[in-house]
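Got the viewer open? Here is a short tour of what to select and what you will find there.

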Amino acid sequence: MTEKAVIVGAGMVGLATAYRLARDGLDVTVVDTGRSGAGASTRNAGWIVPVMSTPVPAPGMLGKALRWMARKDSPLHIRPSLRPDHVRFIASMLRHCNSRDYQHGIEALVALNERTVSLFDGYQQDGVRFEYHRTGHLLVFRTRDAMHAHRADFVPMERIGHTAVPLSGDEARDLEPALGPYVQAGLQCTQERHVDPATLIEGLEQRCRKLGVRFLHGRHVTSIRSEGALTTSVLAGDEEIGGDLFVLAAGVHSGALSRLAGFPLPIQPGKGYGFDDTSGSVKLRHSVYLGEAKVAITPLSGRLRFAGTMEFGSSDSTVAPHRVRGIIRSAGEYLPDFPPAPQQHAWTGLRPMTPDGLPVIGPLPGKENVFVASGHGMLGVTLAPMTAEIIAAQVKIAAQVKGEERDADIATMARPFSPQRFARRGHGKRSADH
Ligand SMILES: Cc1cc2nc3c(=O)[nH]c(=O)nc-3n(C[C@H](O)[C@H](O)[C@H](O)COP(=O)(O)OP(=O)(O)OC[C@H]3O[C@@H](n4cnc5c(N)ncnc54)[C@H](O)[C@@H]3O)c2cc1C
């Protein structure tokens with residue numbers, strides 16, 4: 001009998017998982033509150049950047065957050081709030097801002113990203129249609145010191161073939177003439193890719209449909225029904241959707257869903273902002289990261305996409321104009337021809353963040369047939385295909401189906417991402433160990 005998989009969430013992670021499980025022959029249903037990509041998965045920079053395999057909680061982050069607290073247009077902002085889940089999350093994240101946890105996180109993310117680019121190439125070869133660019137990635141900086149600090153973080157990524165080659169300011173301008181004299185150094189990463197995220201969501205949904213995946217759009221899951229350790233269905237209003245296994249891939253809402261399943265996960269939103277510039281005043285070939293300003297720029301068909309800001313403690317989609325102005329102001333420093341005009345169509349996106357900066361992938365403790373695929377933070381597009389590989393391997397292991405030899409290796413590699421690490425108080429085993 002074909003196993004029936006129910007995936008909650010039709011973002012990048014849910015769709016990648018649906019696609020992978022459908023290719024394994026499972027009968028897959030995807031349930032989403034809205035349409036596919038309604039969450040963060042169309043509101044992002046579209047970078048596929050294994051070279052950026054670094055967790056958000058990093059040594060020195062607290063100092064930066066405090067310095068930037070008073071600046072309304074800063075790239076990182078922690079909103080003061082006494083909400084207990086927010087306070088616990090921030091306290092736990094700050095405990096992870098040490099070099100031991102940071103290096104542990106880098107090692108785990110590097111291993112996770114080893115096959116990322118080949119998996120995206122595989123999507124294309126298998127007929128998933130999306131806007132895909134192989135022009136590489138450029139990081140630019142005001143100072144050589146800032147460039148060297150970044151480069152030191154990127155050394156472990158060389159092991160998986162993702163190198164960052166140092167450039168002078170002039171060399172960076174040779175690659176991208178739109179950059180101004182403000183830029184004094186750069187890093188060129190030729191293996192990185194970028195996509196138009198909306199086309200990728202659409203392409204994956206179309207390919208999934210061809211593989212027989214059923215989509216239940218406009219269904220908000222409000223309850224999870226279980227008999228002991230076995231979950232039998234999810235409820236969207238009064239509609240009951242039964243299955244043999246369930247994947248929670250609901251982005252920032254995965255914490256609430258995991259609570260319904262009996263094991264609350266500490267997933268909180270990290271709000272980002274973006275807008276598309278269609279003026280054509282600046283032309284770029286590479287995806288470009290403005291190092292000090294922490295702004296991402298992506299050249300897409302007919303437009304440049306600007307994205308940035310990490311705001312904790314805000315879970316709605318309202319646009320704060322001063323944050324958009326912050327992105328525009330810093331873009332103008334690096335790109336003198338960039339128009340300072342206010343952008344009309346700014347948007348926000350909520351990144352699913354975890355306190356240790358690592359995604360949560362794997363079986364939910366206490367439930368035999370519920371898997372979580374969430375908490376990918378700033379790297380959800382990049383990490384979605386490999387997340388789906390892990391879920392597919394773990395589903396086979398759980399069902400005691402004979403899989404490929406590689407499945408056991410994948411399961412081992414996935415250990416740092418297990419939801420089990422949140423079983424103790426204090427949001428994460430490593431921090432609780434300290
Ligand atoms: C400004 C910005 C720039 C970014 N740039 C990049 C980048 O360049 N590269 C990169 O790799 N990542 C980037 N990211 C991160 C990336 O966008 C996210 O990590 C990723 O989209 C998360 O995907 P997801 O599928 O987990 O969640 P989402 O895309 O949020 O999808 C979750 C889905 O679950 C549904 N849902 C929620 N609750 C329920 C429920 N109860 N019932 C049914 N459905 C439900 C929602 O409607 C939604 O469609 C960026 C993010 C932002 C905000």
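One bit of vocabulary before we start: a crossing is left-handed if the near helix is turned anticlockwise from the far one by less than a right angle, and right-handed if clockwise. Keep in mind, too, that this is a predicted model.

**Stop 1: helix H1 and its neighbours**

Select H1, residues 12-23, together with helix H8, residues 197-210. H1 passes H8 in a left-handed crossing. Their axes sit 9 Å apart, at an angle of about 30°. Angles under 35 degrees count as roughly parallel, so that is how H1 and H8 run relative to each other.

Now keep H1 and swap H8 for H11, residues 380-398. Here the axes are 8 Å apart and the packing angle is about 40°, so H1 and H11 are oblique to each other. The crossing of H1 past H11 is right-handed.

**Stop 2: from H11 to H12**

Leave H11 on and add helix H12, residues 405-413. How are H11 and H12 oriented to each other? They pack at about 115°, with 9 Å between the axes, and are therefore roughly perpendicular. H11 passes H12 in a left-handed crossing.

**Stop 3: the ligand's shell**

Time to select the ligand and the residues around it. There are 37 of them, and Asp32, Ser41, Trp47, Val221 and Gly377 come nearest. Colour the shell by class and you should get 18 nonpolar, 15 polar and 4 charged residues.

Which helices and strands supply at least two residues each to this shell? Two are helices from the earlier stops, H1 and H11. The others are strands: E2 (27-32), E15 (268-277) and E19 (347-353).

**Stop 4: polar contacts to the ligand**

Show the backbone of methionine 12 first. One of its backbone N or O atoms lies 3.2 Å from an oxygen atom of the ligand. Then go to leucine 379, where a backbone N or O atom is 3.5 Å from a ligand oxygen. For histidine 220, switch on the side chain instead: an N or O atom there is 3.5 Å from a nitrogen atom of the ligand.

To finish, put a surface on the protein and look for the ligand. How much of the ligand's accessible area does the protein cover? On its own the ligand has 1000 Å² of accessible area, and the protein covers 96% of that.

Technical notes. Residues numbered from 1 in each chain as written. Predicted model: local features only at pLDDT ≥ 70, side-chain atom pairs only at ≥ 80, totals over all residues. Heavy atoms only, no water. Near = heavy atom within 4 Å. Polar contact = N/O pair within 3.5 Å; in protein donor to acceptor, adjacent residues only side chain to side chain. Areas by Shrake-Rupley, 256 points an atom, 1.4 Å probe, with all protein chains shown as cover. Helix = DSSP H or I, 4+ residues; strand = E, 2+ residues; numbered from the N terminus. Nonpolar A, V, L, I, M, F, W, Y, C, P; charged D, E, K, R; others polar. Axes fitted to C-alpha atoms, helices over the stretch in contact; angles between N-to-C directions. Parallel < 35°, antiparallel > 145°, perpendicular 65-115°, else oblique.
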